[in-house]
Amino acid sequence: MSGVFQSPVVVAGGGLEGTTMAEDTSRVLQLARDILNQGWCQRTMAVDADGVACGTFDSCAVKWCARGAIYVAARAAGVTSESALHALTTVVRRPITEWNDEPDRTGCQVLDAFDEAIQSVKGGA
């Protein structure tokens with residue numbers, strides 16, 4: 001995973017150089033979606049290849065919950081996670097962790113919610 005993301009230039013105020021807040025948010029949501037497409041989990045922020053809970057930013061992590069993927073994506077993009085968390089919360093209309101951890105939740109539903117959040121942010125740009 002460490003080889004997939006490169007650190008961009010961050011300017012004062014926390015955004016990427018030459019980008020708007022909507023562009024930063026869209027980028028974080030897209031990166032998080034890509035991370036979740038590699039592996040999604042429930043009831044913990046991240047798990048290793050054996051399905052054992054681990055730290056969100058641990059190198060052994062291979063699957064993440066929706067919130068954990070946003071944290072990883074925001075760090076990789078060099079921006080804060082708040083606007084991406086807000087965009088996804090607006091789509092799912094409840095706390096992300098509760099929504100992610102619902103017993104009948106599927107990975108496809110999570111990816112669909114990210115797609116909707118990305119479109120919502122792009123539509124508002």
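**Exercise 1. Classify R94 and its salt-bridge partner by accessibility, then follow the network they belong to.**

Step 1. R94 has 29% relative accessibility, so R94 counts as partly exposed. The classes are buried (under 20% relative accessible area), exposed (over 50%) and partly exposed (in between), with a 1.4 Å probe and protein chains only.

Step 2. This is a predicted model, in which local features need pLDDT of at least 70 and side-chain atom pairs count only at pLDDT 80 or more, while totals for chains, interfaces and linings use all residues. Residues are numbered from 1 along each chain as its sequence is written, and side-chain values use heavy atoms, with hydrogens and water left out.

Step 3. R94 forms a salt bridge with E98, with 3.2 Å between the closest N and O atoms. A salt bridge here is a side-chain nitrogen of Lys or Arg within 4 Å of a carboxyl oxygen of Asp or Glu. E98 has a relative accessible area of 45%, so E98 is partly exposed.

Step 4. E102 and R105 also meet in a salt bridge, at 2.3 Å from N to O. Salt bridges that share partners join R94, E98, E102 and R105 into one network. Within this network, R105 is buried at 13%, and E102 is partly exposed at 24%.

**Exercise 2. Find which parts of the chain the salt bridge of R33 and D115 links.**

Step 1. The side chains of R33 and D115 meet at 2.5 Å, N to O.

Step 2. R33 lies in helix α1 and D115 in helix α5, 82 residues apart, so the pair links distant parts of the chain. Helices are DSSP runs (H or I, at least four residues), and strands are runs of E (at least two), numbered from the N terminus.

Step 3. R33 counts as buried at 18% relative accessibility, whereas D115 is partly exposed at 30%.

**Exercise 3. Describe the two sides of α3.**

Step 1. A84, L85, A87, L88, V91 and V92 are the buried residues to list in α3.

Step 2. Seen down the axis of α3, the buried residues fall within an arc of 160°, so they line one face of the helix. The arc is that of the directions from the helix axis to the C-beta atoms. An α-helix has 3.6 residues a turn, so residues three or four places apart point the same way.

Step 3. On the other side of α3, E82 and H86 are exposed.

Step 4. The buried residues of α3 pack against α1, α2, α4 and α5, where contact means heavy atoms within 4.5 Å.
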